[in-house]
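Colleague: I've got this one open on my screen and I'd like to know how you justify the labels you put on it. Mind if I quiz you?

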Amino acid sequence: MSPVITCIEDLRQLARRRVPRMFYDYADAGSWTESTYRANEADLAAIKLRQRVAVDLTQRSTAATMIGTPVAMPVALAPTGLTGMQHADGEMLAARAAEAFGVPFTLSTMSICSIEDVRSVTTQPFWFQLYVMKDRAFIEALIDRAKAARCGALVLTLDLQILGQRHKDLKNGLSSPPKPTLTNLLDLATKPRWCLGMLGTKRRQFGNIVGHAKGVDSLTSLSEWTHAQFDPALNWGDVEWIKKRWGGKLIIKGILDEEDARLAVASGADALIVSNHGGRQLDGAESSIAVLPRIVAAVGSQIEVHFDGGIRSGQDVLKAWALGARGTYIGRAFLYGLGALGEAGVTKCLEIIQRELDLTMAFCGRRKLSEVDASVLVPHTLPR
Ligand code: HOC
């Protein structure tokens, strides 16, 4: 019998039972002590909302726009790596669910399904996330493929030119297909749905990279190639070059510092994302929600400020919006849905968050997002 799912935590627990441990851990982990990962959720939870009563709540809406794109709620699916390892064809399923719901899907460079795979199952523009690699011809090819696929925005990630260490990945020996050790075989034996799904698909490698990287024939060697390819020399000059080559809407991801936010504005980007990569990179960095008000104060009228980090509910979306975010991203929340129930699980995740957002706005006496500002928050609970 299917369990009753009423919140993101239910999806997380089901995903934990259904996804092989090394891939569940990959999605769920933060770097080093995971202090930033935990702070993302804890600092959001510490902000308290102000209830209002006797407000006419008959006409309500969670609709908004993100970089000019109408959205059912200001929530996009974040560009998560190896999404197709949470569930066979994961990126295609998540993109379809997002499109049907009316929110943007962002495909990671490090996805299992390729740009073309996702294009083949969608009709609306999805967004493509780019990591900068040393091989500039490869970057150009990726940008051209994103253009040919009519992607609606390029999300350029600037905080992962070197990789944060995630203890769980090292301990699990993260690789794909999982190495046939006794531990892995015993684990896989308890995950029959996942195994059947993977047997039924050919998409088990980094789809955007296969065919471009010479001598790479498995996900393990692809991952080694990728580590060697991420360019530690990346600078704002490259951002300018990429913007020119792309020519469309540009979103800069990974901003935690006011000065970097000003540089993002100067680069001509359409939006920036306040993000610590889900606590997966600089362990010891502040939570995203603690940084958000300072970035909004520094650049909020010049560029659209977006937010990710720790969103597990509609209440969290409302708090970020109230502090000036004009778009948010969910990563782990939708991955739990995907791992738990495939496409239906992503839809379930979006439904849960939208319902929570709608009802929480209503409890705060607000009918639409244009009525929401920091006055819905209890001042002494705000990040300092
Ligand atoms: C082995 C591939 O966003 C993450 C991702 C991308 C990392 C690529 C590494 O794990 O945070």
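Colleague: Leaving aside its neighbours within four places in sequence, which residues is His 277 in contact with?

Modeller: Keep in mind that this is a predicted model. Beyond the residues within four places in sequence, His 277 is in contact with Asp 159, Leu 160 and Gly 254.

Colleague: What makes His 277 count as buried?

Modeller: The cut-off is 20 or more other C-beta atoms within 10 Å. His 277 has 25 C-beta neighbours inside 10 Å, so it counts as buried. It sits in the loop between strand E8 (271-274) and helix H13 (288-299).

Colleague: What is the phi of His 277?

Modeller: Positive, at about 60 degrees, although His 277 is not a glycine. Most residues other than glycine have a negative phi. Leu 82 also has a positive phi, near 55 degrees, and it isn't a glycine either.

Colleague: Which UniProt annotations cover His 277?

Modeller: The unreviewed UniProt entry puts an "active site" annotation on His 277. The "binding site" annotation in the unreviewed entry covers Tyr 26, Tyr 131, Arg 166, His 277 and Arg 280. Both may be inferred rather than shown by experiment.

Colleague: Take Tyr 26, then. Why is Tyr 26 called buried?

Modeller: Count the C-beta atoms again: Tyr 26 has 23 others within 10 Å, and the cut-off is 20 or more, so it is buried. This residue lies in helix H2 (residues 21-28). Apart from neighbours within four places in sequence, Tyr 26 is in contact with Leu 82, Asp 169 and Leu 174.

Colleague: And Leu 82: buried or exposed?

Modeller: Buried, because 21 other C-beta atoms lie within 10 Å of Leu 82 and 20 are enough. You'll find Leu 82 in the loop between strand E3 (75-77) and H4.

Colleague: What makes Glu 91 buried?

Modeller: Glu 91 has 31 other C-beta atoms within 10 Å, against a cut-off of 20, so the label is buried. Glu 91 lies in helix H4 (residues 90-101). Not counting residues up to four places away in sequence, it touches Thr 83, Gly 84, Leu 107, Ser 111, Ile 112, Cys 113, Asp 117 and Val 118. The C-alpha atoms of Glu 91 and Leu 335 are separated by 9.9 Å, with their positions 244 residues apart along the chain.

Colleague: Where is Val 305 found, and how do you know that Val 305 is buried?

Modeller: Val 305 is in strand E9 (residues 304-308). It has 26 C-beta neighbours inside 10 Å, and 20 would do, so it counts as buried. Leaving out neighbours within four places in sequence, its contacts include Leu 272, Val 274, Ile 295 and Val 299. From C-alpha to C-alpha, Val 305 and Ile 67 are 9.8 Å apart in space, and 238 residues apart in sequence.

Colleague: Why are H12 and H13 called oblique to each other?

Modeller: Helix H12 (residues 258-266) and H13 pack at an angle of about 45 degrees. Roughly parallel needs under 35 degrees and roughly perpendicular starts at 65, so H12 and H13 are oblique. Their axes are 9 Å apart, and the crossing is right-handed.

Colleague: Which residues of H12 and H13 meet?

Modeller: On the H12 side, Glu 258, Ala 261, Arg 262 and Val 265. They meet Arg 294, Ile 295, Ala 298 and Val 299 in H13.

Colleague: Now the whole chain. How do you know that its radius of gyration agrees with a compact globule?

Modeller: With 384 residues, a compact globule would come out near 21 Å, and the protein chain has 20 Å, so the two agree. The C-alpha atoms fill a box of roughly 65 × 55 × 40 Å along the principal axes.

Colleague: How many helices and strands does the protein chain have?

Modeller: The protein chain has 16 helices and 10 strands. Buried residues make up 50% of its 384 residues. Of the contacts between residues at least 6 apart in sequence, 72% join residues at least 24 apart.

How values were computed: Residues are numbered from 1 along each chain as its sequence is written. This is a predicted model: local features need pLDDT of at least 70, side-chain atom pairs count only at pLDDT 80 or more; totals for chains, interfaces and linings use all residues. Helices (H or I, at least four residues) and strands (E, at least two) are DSSP runs, numbered from the N terminus. The radius of gyration is taken over C-alpha atoms; the globule rule is 2.2 Å times the number of residues to the power 0.38. A residue is buried if 20 or more other C-beta atoms lie within 10 Å of its own, exposed if 12 or fewer, and partly exposed in between; C-beta atoms are placed from the backbone. Two residues are in contact if their C-beta atoms, placed from the backbone, lie within 7 Å. Axes are lines fitted to C-alpha atoms, for helices over the stretch in contact, and angles run from 0 to 180 degrees between N-to-C directions. Angles under 35 degrees count as roughly parallel, over 145 as roughly antiparallel, 65 to 115 as roughly perpendicular and the rest as oblique. A crossing is left-handed if the near helix is turned anticlockwise from the far one by less than a right angle, and right-handed if clockwise.
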